[in-house]
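Visitor: I would like to learn how to read pockets, cavities and ligand surroundings in a model. Could you take me through them one feature at a time?

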Amino acid sequence: MSSKIVFITGASSGLGEAAAKQLASEGYSLILAARRTERLQQLADELLQRYGAPSYCMELDVRHRDKVQQLISQLPEKWKKIDILINNAGLASGLSSIENGDIDDWDVMIDTNIKGLLYVTRQILPLMIENGGGHIINISSIAGKEVYANGNVYCATKHAVDALNKAMRIELVKYPIKVTAINPGAVETEFSIVRFHGDEERAKKVYEGFDNLVAGDIAEAISFVLSRPAHVNINELTIMPTAQAVAGVIHRK
Ligand code: NDP
Ligand code: 8X3
């Protein structure tokens, strides 16, 4: 395969899906990973039809360490030349104070946002090193830069992503593998529906009265980061809706 290969976790929705479309339109080949495979297959069909971009769909739950190891090590040889990893799979589950928190919610966030990101990265890095370079983009959040009431564990997981991003930058500079964190503010995706356990009415209210970001805004930022010349590494980008100054300050009409 002559085009560059990008591995996107959480490609079945939101930021991951938008990044896949953006990068397919620019000639990348894609490994699309998530749990909902019908969505991945639909996306792969669309990317092939619209852009002629080949995709490899991987049914992957990033929390399952053995599966992550097995599925990535069993990739067909031509798909192992991964140039870019976008660590995007992630979620918030619940919004409550620590004394009321649901421990299952905490586990799923920690297992997905921190441990899942590490499992995937650990498995892909040796392939990148063998290829002589690469680029890891970690989708963190404004929640990795600040903490807001009732965001406790989600914020902690994204602060962990921020720390891991910095650690990767230091440890991978020698290969050289570029490392970038992208920290979005409020983007309307399925994020809030997932956070509120399927309560679509409550999720809709999060984005009422202001112009939130859309997934394509972040996909364009990813494209920009990837299009820099070899000597330029963007360490991090924090991208907010104009109407959102910090996590908890949104100017609503
Ligand atoms: P979505 O809910 O729309 O998408 C989340 C994606 O993550 C889905 O494709 C989902 O796929 C995947 N995913 C979740 N859990 C797992 C898992 N265990 N294994 C594999 N894939 C998984 O939300 P967003 O697109 O908004 O979220 C993407 C990233 O952006 C997350 O890391 C989120 O924290 C971050 N973010 C989002 C912001 C926002 O306001 N929307 C702002 C800042 C950061 P599937 O369910 O099919 O497995
Ligand atoms: C998602 C943004 O502010 O809802 O990471 O935590 S926020």
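**Reading the spaces in the model**

Guide: Let us start with the backbone: asparagine 150 is placed in the loop between E5 and H5, where helices (H or I, at least four residues) and strands (E, at least two) are DSSP runs numbered from the N terminus. This is a predicted model, in which local features need pLDDT of at least 70 and side-chain atom pairs count only at pLDDT 80 or more, while totals for chains, interfaces and linings use all residues. Residues are numbered from 1 along each chain as its sequence is written, chains are lettered from A and ligands numbered from 1 in the order in which they are written, and side-chain values use heavy atoms, with hydrogens and water left out.

Visitor: What is the phi of asparagine 150, and which peptide bond is cis?

Guide: Asparagine 150 has a positive phi of about 75°, although it is not a glycine. The cis bond runs from tyrosine 175 to proline 176, with omega near -5°, and proline 176 belongs to the loop between H5 and E6.

Visitor: How should I read empty space, and what volume does the largest pocket have?

Guide: Rolling a probe the size of a water molecule over the atoms shows where empty space is left. On a 1 Å grid over the protein atoms alone, a cavity is a set of points where a 1.4 Å probe fits but cannot get out, whereas a pocket is an open set with protein on both sides within 12 Å along at least five of seven lines; lining residues have an atom within 4 Å of a point. Grid points are joined across faces, edges and corners, and a volume is the space filled by probe spheres set on the points. In this model the largest pocket holds about 1200 Å³ of space, and 49 residues line it, with Leu91, Tyr154, Thr189, Phe191 and Ser192 nearest its centre. At least two lining residues come from each of H1, strand E2 (29–34), H4, H5 and H6, and H6 gives the largest share, four residues.

Visitor: Which space does ligand 1 take, and which residues come nearest to it?

Guide: A molecule sits in a cavity or pocket if more than half of its atoms lie within 2 Å of its grid points, and the space taken by ligand 1 is the largest pocket. Helix H1 (14–25), H5 and helix H6 (191–195) are the elements that give two or more residues to the shell around ligand 1. A residue counts as near if one of its heavy atoms lies within 4 Å; of the 30 residues around ligand 1, those that come nearest are Ser12, Ser13, Arg35, Tyr154 and Thr189. For polar contacts, look for a pair of N or O atoms within 3.5 Å (within protein, one must be able to donate a hydrogen and the other to accept it, and residues adjacent in sequence count only if both atoms are side-chain atoms). Oxygen atoms of ligand 1 lie 2.8 Å from a polar backbone atom of leucine 15, 2.8 Å from a backbone N or O atom of asparagine 88 and 2.6 Å from a polar side-chain atom of threonine 189. Taken alone, ligand 1 exposes 870 Å², of which the protein buries 96%, with accessible areas from the Shrake-Rupley method and a 1.4 Å probe; for residues, only the protein chains shown count as cover.

Visitor: Where does ligand 2 sit, and which residues are around it?

Guide: The space taken by ligand 2 is the largest pocket, and the residues around ligand 2 are Ser141, Ile142, Ala143, Tyr148, Tyr154, Phe191 and Arg195. An oxygen atom of ligand 2 lies 2.5 Å from a polar side-chain atom of serine 141; side-chain N or O atoms of tyrosine 148 and tyrosine 154 lie 2.4 Å and 2.5 Å from an oxygen atom of ligand 2. On its own ligand 2 has 240 Å² of accessible area, and the protein covers 83% of it.

Visitor: How many cavities of 30 Å³ or more does a search of the whole structure find?

Guide: The search finds three. The largest cavity has a volume of about 70 Å³, and among its 14 lining residues Ser93, Gly94, Ser96, Trp106 and Asn152 lie nearest its centre. Helix H4 (103–131) and helix H5 (152–172) are the elements that give two or more residues to that lining.
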